[in-house]
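Student: I would like a close look at one part of this protein. Please take me through the largest nonpolar core and what surrounds it.

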Amino acid sequence: MTSKRNAWTAAGLGLLTAAGLVLTAPGASADGQPTARELLDKCDNGTDSCVFHPAGPPEEHTGAGHQVGEAAFNCTGDLQRSTVNWSDTTGESNSFGVSLSAEYGFSEVFKVSIETSYQHTWESSHTEGQATNVDVRPGEKGWVERAPKMQKVHGTYEMHFPDKFYDHYIWYQDFDADGPVPGSTGDITQHTAPMTDQERSEHCG
């Protein structure tokens, strides 16, 4: 058992072991065990109950910064203010590489749990766009970068089966997900740098 599950499983561990306390690994199936994805596909699709237990509230963090929109090149001898129009979509990632926007039983259980436990809405995808001004000096290029605000969730699915599933009535599965914070623009920054000889040739003639 990992430390993040100890708090809520320790008290019941002795009782659950007799019924079959088992945790699967995400990638492969060992003898007598389902794959993690096979197990999650049974959530609300053959179980008496399927519950996601978050290990704590979503942890907000800043995602990797990256360029958005086209770069602006100043081929004149004066300072130029350029407007960069951009649109950027941030998606989610999780332990199994599946979209939580799809109508899987386990995805609905996950989203409802996060919303009811912490009043956080889960978004699988968020698109943000705007027009950002960049002041570009003569002979330089300017561009815009965006670093999205993200929320990370750790937790464990608990599934109870009416009949033995792979020889156990109760299964547990760790699950991690990282997705965009709903409604967040993120960190927007403007950057400039001298044009390379190749860029000057391509954009300034």
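Tutor: What follows starts with the whole chain, then goes to the core, then to a nearby topic, one loop. This is a predicted model, so confidence comes first. The mean pLDDT of the protein is 86, and 84% of the residues reach at least 70. Residues 1–19 have a pLDDT below 50. That stretch still has 22 contacts in the model beyond near neighbours in sequence.

Now the overall frame. The protein has 205 residues, and 38% of them count as buried. It contains 5 helices and 10 strands. Among contacts with a separation of 6 or more, 81% join residues 24 or more positions apart. The exposed surface is about 10600 Å². Carbon and sulfur atoms supply 47% of that area.

Next, the core itself. The largest nonpolar core holds 22 residues. Five of them touch the most other members: Phe52, Phe110, Tyr157, Met159 and Phe175. Several elements supply at least two residues each. Two are helices, H3 (36–40) and H4 (105–118). The strands are S1 (49–54), S8 (149–165) and S9 (168–180). S8 gives the largest share, with 5 residues.

Take Phe52 as the point of entry. Set aside its neighbours within four places in sequence. Phe52 then contacts Val109, Phe110, Ser113 and Ile114, among others. Its contacts also include Val153, His154, Gly155, Thr156 and Tyr157. Phe175 is a further partner of Phe52. Three of the names in this contact list, Phe110, Tyr157 and Phe175, are also among the core residues that touch the most other members.

A second core is separate from this one. It has 6 residues, including Val68, Trp86, Val134 and Val144.

Finally, look at the loop between S8 and S9, two strands that supply the largest core. Tyr166 lies in that loop. Its phi is positive, about 50°, although Tyr166 is not a glycine. Tyr166 has a relative accessible area of 33%, so it is partly exposed. Asp167 sits in the loop between S8 and S9 too. Asp167 also has a positive phi, about 70°, and is not a glycine. Asp167 counts as exposed because its relative accessibility is 54%, and the cut-off for exposed is over 50%.

Notes
Residues numbered from 1 in each chain as written. Predicted model: local features only at pLDDT ≥ 70, side-chain atom pairs only at ≥ 80, totals over all residues. Heavy atoms only, no water. pLDDT = per-residue confidence, 0-100. Contact = heavy atoms within 4.5 Å. Core = buried A, V, L, I, M, F, W, Y, C linked by side-chain atoms within 4.5 Å. Buried < 20%, exposed > 50% of the residue type's maximum accessible area, 1.4 Å probe, protein only. Helix = DSSP H or I, 4+ residues; strand = E, 2+ residues; numbered from the N terminus. Areas by Shrake-Rupley, 256 points an atom, 1.4 Å probe, with all protein chains shown as cover.
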